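Here's a quick briefing on a few spots worth a look in this model. Keep the viewer open and follow along, topic by topic.

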Amino acid sequence: MGKMDTHSGPPQAKALAAYTCIMHPQIRHAGPGHCPICGMALEPVLESAQALPNLEYVAMTQRLWGSLVLATPVFILGMGGWISPHMSLWIEAVLTTGVVAWGGFPLFQRGWQSLRNRSLDMFTLVSLGIGTTYLYSCVATLLPDTFPRAFRTQAGLIPVYFEAAAMITVLVLLGQVLELRARAQTGGAIRALLKLVPPIAHRVRNGGPDEDIALDQIKRGDTLRIKPGETVPVDGVVLAGTSAVDEAMVTGEALPVVKQPRSTVIGGTINGTGSLAMRADRVGENTTLAQIVRMVSQAQRSRAPIQRLADRVSGVFVPAILVCAAMAFVAWLIFGPPPAFGFALNAAVSVLMIACPCALGLATPLSIMVGIGKGATAGVLIKNAEVLERFEKVDTLVVDKTGTLTEGRPRVLAVVAMKDFDEATVLGFAASLERSSEHPLAAAVVACAKSRGLGLSAVANFRSVTGKGVTGQIGMASVAVGNAVLLGDSKIAVAALDGKADVLRETGATVMYVAITGELAGLIAIADPIKTTAKLALDSLKAAGLRIVMVTGDNRKTADAVAAKLGITAVEAGVLPEHKRAIVQRLRAEGRIVAMAGDGINDAPALAAADVGIAMGTGTDVAIQSAGVTLVMGDLSGIVRARLLSRATMTNIRENLVLACVYNALGVPIAAGVFYPWFGLLLSPVMAAAAMSLSSVSVIGNALRLRWAKL
C-alpha cells in the first residue's frame with residue numbers, strides 16, 4: 001500500500017490524490033491501483049466535478065477487446081471440423097497463451113497477491129480456475145503419452161480445454177469492465193453537487209464595471225452580482241434586489257424561495273428572473289456546498305453494522321469454495337463416467353468460477369454510497385452508514401420547539417407594564433440586558449426596542465442563568481429578565497401578572513417577566529411562528545407509526561397551545577436544557593428507539609444521547625456536529641425524507657444480500673454436478689464464468705436503483 005503524498009498544495013488537490021477501496025475503506029493509496037485485501041480497483045476518496053480518468057477501466061477494456069480477438073478463433077476451432085486436429089490444437093495453444101498471459105495478467109497478479117497476503121478472494125478462485133485449465137491443457141498437448149487411460153475419451157484422445165481457459169478469461173474481463181462502469185455511476189450524486197458551482201463570479205467594483213473572477217479569488221466581504229438565471233457562487237447575504245431562488249439542488253426544497261435584502265443565499269442555488277447583489281460570507285471550503293460534499297464523501301466510505309454479517313460470511317467463503325471444488329473433483333474422479341478426470345476437472349473449475357464473494361462484499365457498501373448520495377441531493381445529510389441503518393428502526397421522535405417546530409425567528413407580541421412602570425421602561429431595560437444574550441428570544445426583544453427608537457444602556461455584572469433567564473446591573477438598578485423560576489429565586493412574586501400571562505400563553509406565546517430593583521415591572525410576550533410544513537410532516541411521521549414527543553423550556557400553557565395546533569399529545573414543558581438529555585435517556589430505557597430533533601446549543605447533549613440525532617441545518621454548528629442527520633433546509637419534512645431514505649436503502653441492502661447468497665447457494669451445487677444424476681444438469685466452466693461475472697453486475701445494478709427512489 002502506498003503512502004499519502006505529503007507535498008504542499010491545495011487541500012482539495014491532496015484529497016483528490018487519495019484513493020480507497022469501496023469494500024475496505026481503511027485502505028488508502030496515493031493514486032489509482034487495486035486493494036491488497038480484495039483486489040478490487042480503488043476509487044477516489046473525494047469526487048471531482050468532472051469524473052477522473054478511470055485508468056483501471058481503460059486498461060481492462062483494452063485487455064477485454066484484445067483477448068476477445070484472440071479467443072474467438074480458439075472458440076471456433078474448439079468446435080472441431082475446420083482443420084486437422086493436430087494443427088488446430090497447436091493454434092489453440094498459442095492463441096490461448098496470449099489470452100491467458102496478457103489478458104489474464106491482472107487476474108493472476110491479484111490472485112497471487114491474495115495468496116501472499118493470506119486474504120483469499122474472488123481473484124484467488126478465478127486465477128486458480130483459469131490456471132488449472134490452461135496448464136492441464138498445455139501438458140496434455142506437449143506430453144500426451146504421460147496420461148493414464150482414465151484421462152482419455154472412449155476414442156483414446158486426451159481432451160483439452162484451451163477454449164474454456166480463453167473464454168473464461170474473456171468473460172471475467174467482461175464482468176470487470178461492466179462492474180467498473182457501473183460502479184463509476186455511484187459517484188454521480190457528488191459530481192452533480194460539485195457541478196452546481198459556477199466557474200466565475202461577477203465582483204462589484206466601486207466606481208467601475210463589474211469584473212469576472214474565478215471562484216478561488218472571491219474573498220469574504222466581497223460584493224457579488226447575481227444576474228437572472230445565474231448560479232449563486234458562494235454563501236452570503238443579499239444586499240440589494242429581489243428574486244426567487246431555486247434551492248432544490250442543495251436543500252431538497254421544491255419551491256423557489258423569495259430572496260430580498262438581508263436574506264441568506266447558498267452557493268450552488270439558481271437565481272430566478274431578478275438581479276441580486278450579495279455579500280460573500282462563506283467562501284472556498286467553508287461554503288455549505290463544500291461542507292455537504294465533504295460530509296457525504298466521508299459518510300459514503302463508512303460501514304454499516306449489517307456489513308458485519310457479510311464480513312463474517314466472506315471470511316470463510318473462499319476456503320469453503322476451495323473445499324467444495326476439491327470434493328467435487330474427487331467425487332467425479334471416483335464415480336464419474338469416462339473420461340472421469342475430464343468430468344472431475346470440469347466440475348472443480350466450474351465451482352471455482354461460479355462462486356462470487358464480490359457480490360456478497362459489494363451488497364452493502366454500494367447501497368450505502370448510492371443512498372447517502374441520494375439523500376444529499378434531497379437536503380438530507382447522513383453522518384455515517386450506521387445512522388442510516390439505525391434510522392429505519394426509530395419509533396419515537398423527540399422534537400425541540402423553538403427553531404425546530406417553529407421558525408426560530410420570534411417577534412415581540414405584547415409588552416405589559418405594571419402601574420408604577422411604562423412599556424418603554426420595561427422594554428428598554430429588558431433589551432439593554434438581553435443585548436448580551438445569544439438566545440433567539442433575546443434578539444426579538446432587542447429588535448423590538450430598536451424599532452421603537454429606544455436607546456440601550458450599558459450593563460454591568462451580566463449573568464446568564466441557563467434555562468431561566470438573565471440578570472445584570474443597569475446604572476443603580478438591578479434587572480432580571482426571564483421566567484417565573486428566575487424571579488422566584490430572588491423572592492419576587494409574579495402572581496399579579498399571572499392572568500394576563502395565561503391569556504398570552506394560550507395563543508402560543510412565550511412570556512418573559514421583567515424585574516427592576518427587586519420589583520415586578522412587567523412582562524414581554526414573544527411569539528415564534530410555527531413552520532408551515534411542520535403539521536404535514538408530523539402527520540406523515542405519525543402515520544408511519546412514530547410517537548412524537550415535544551420538549552420545551554416554555555410554560556405548560558404555551559407548550560400545550562403549540563402542541564394542540566400540531567396535533568402532538570405528548571408534551572414535556574418547563575424542561576431545563578440539561579433535562580432534555582434525561583428525557584431521551586428515559587425513553588431509551590423504556591425500550592424505545594429514539595430520534596431527537598433540535599437546533600440549539602442546549603440541544604447538543606440530547607442529540608448525542610439519542611439513537612439518532614437530527615440537527616436543523618439552520619441551527620448552530622455545535623448541534624450539527626452532535627447529530628447523525630442534518631437537514632440542510634431545517635425543515636421537518638426532511639425527517640420524512642430521511643426515514644424514507646433509510647427504509648429504501650436498508651431494503652436495497654437486504655435485496656442485495658439475498659441476491660448474492662441465493663446465487664451462490666444455488667450456483668455452487670449446480671456447478672459441482674449435484675443434480676446431474678437426476679436431471680442431467682451440468683455447467684461448463686465457461687457458463688459458470690459468465691454467471692459469476694453477471695452476479696456482481698446484478699448487485700451493482702440493484703444498488704443503482706436507489707437513485708430513482710422517491711423521497
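Glycine 375 is buried, because its relative accessible area is 0%, under the 20% cut-off for that label. This is a predicted model, so treat every value here as computed from predicted coordinates. The rest of the briefing goes through buried sites, helix packing and two loop residues.

**Glycine 375**
- You'll find glycine 375 in helix α12.
- Skip the residues up to four places away in sequence, and glycine 375 touches Val380 and Leu645.
- If you want a long-range distance, take proline 199: it sits 176 residues from glycine 375 along the chain, and the two C-alpha atoms are 25 Å apart.

**Valine 349**
- Valine 349 belongs to helix α11.
- With a relative accessible area of 2%, valine 349 is buried too.
- Once neighbours within four places in sequence are set aside, the contacts of valine 349 are Gly129, Thr133, Ile168 and Pro685.
- Valine 349 and alanine 688 are 339 residues apart along the chain, yet their C-alpha atoms are separated by 8.7 Å.

**Helix α26**
- Helix α26 covers residues 685-704.
- Does the length add up? What span should its 20 residues give at 1.5 Å a residue? The expected figure is 28 Å, and the end C-alpha atoms are 29 Å apart, which agrees.
- Buried residues of α26 include Pro685, Ala688, Ala689, Met692, Val699, Ile700 and Leu704.
- Polar side chains turn up on that buried list as well, among them Ser693, Ser695, Ser696 and Asn702.
- Which helices do the buried residues of α26 pack against? They pack against α5 (122-142), α6 (162-184), α11 (340-354), α12 (357-377) and α24.

**Helices α19 and α24**
- Two packed helices are described by the angle between their axes and the distance between the axes.
- For α19 (residues 534-543) and α24 (residues 637-672), the axes come within 8 Å and cross at roughly 30°.
- That angle makes α19 roughly parallel to α24, since the label applies to angles under 35 degrees.
- On the α19 side, the contact is made by Ala537, Ser540 and Leu541.
- On the α24 side, Ser637, Ile639, Val640 and Arg643 make the contact.
- Sorted by class, the α19 contact with α24 has four nonpolar, two polar and one charged residues.

**Serine 114**
- Serine 114 is part of helix α4 (residues 105-116).
- Its relative accessibility is 1%, so serine 114 counts as buried.
- The side chains of serine 114 and threonine 124 are joined by a polar contact of 2.6 Å.
- Beyond its neighbours within four places in sequence, serine 114 is in contact with Ser119, Leu120, Asp121 and Thr124.

**Two loop residues with positive phi**
- Most residues other than glycine have a negative phi.
- Lysine 491 has a positive phi, near 60°.
- Lysine 491 sits in the loop between α17 (484-489) and α18 (498-505).
- Is lysine 491 buried or exposed? It is exposed, with a relative accessible area of 77%.
- Threonine 517 also has a positive phi, near 50°.
- The loop that holds threonine 517 runs between β19 (510-516) and β20 (519-527).
- At 51% relative accessibility, threonine 517 counts as exposed, because the label starts over 50%.

Methods: Residues numbered from 1 in each chain as written. Predicted model: local features only at pLDDT ≥ 70, side-chain atom pairs only at ≥ 80, totals over all residues. Heavy atoms only, no water. Axes fitted to C-alpha atoms, helices over the stretch in contact; angles between N-to-C directions. Helix = DSSP H or I, 4+ residues; strand = E, 2+ residues; numbered from the N terminus. Parallel < 35°, antiparallel > 145°, perpendicular 65-115°, else oblique. Contact = heavy atoms within 4.5 Å. Expected span 1.5 Å × (residues − 1). Buried < 20%, exposed > 50% of the residue type's maximum accessible area, 1.4 Å probe, protein only. Polar contact = N/O pair within 3.5 Å; in protein donor to acceptor, adjacent residues only side chain to side chain.
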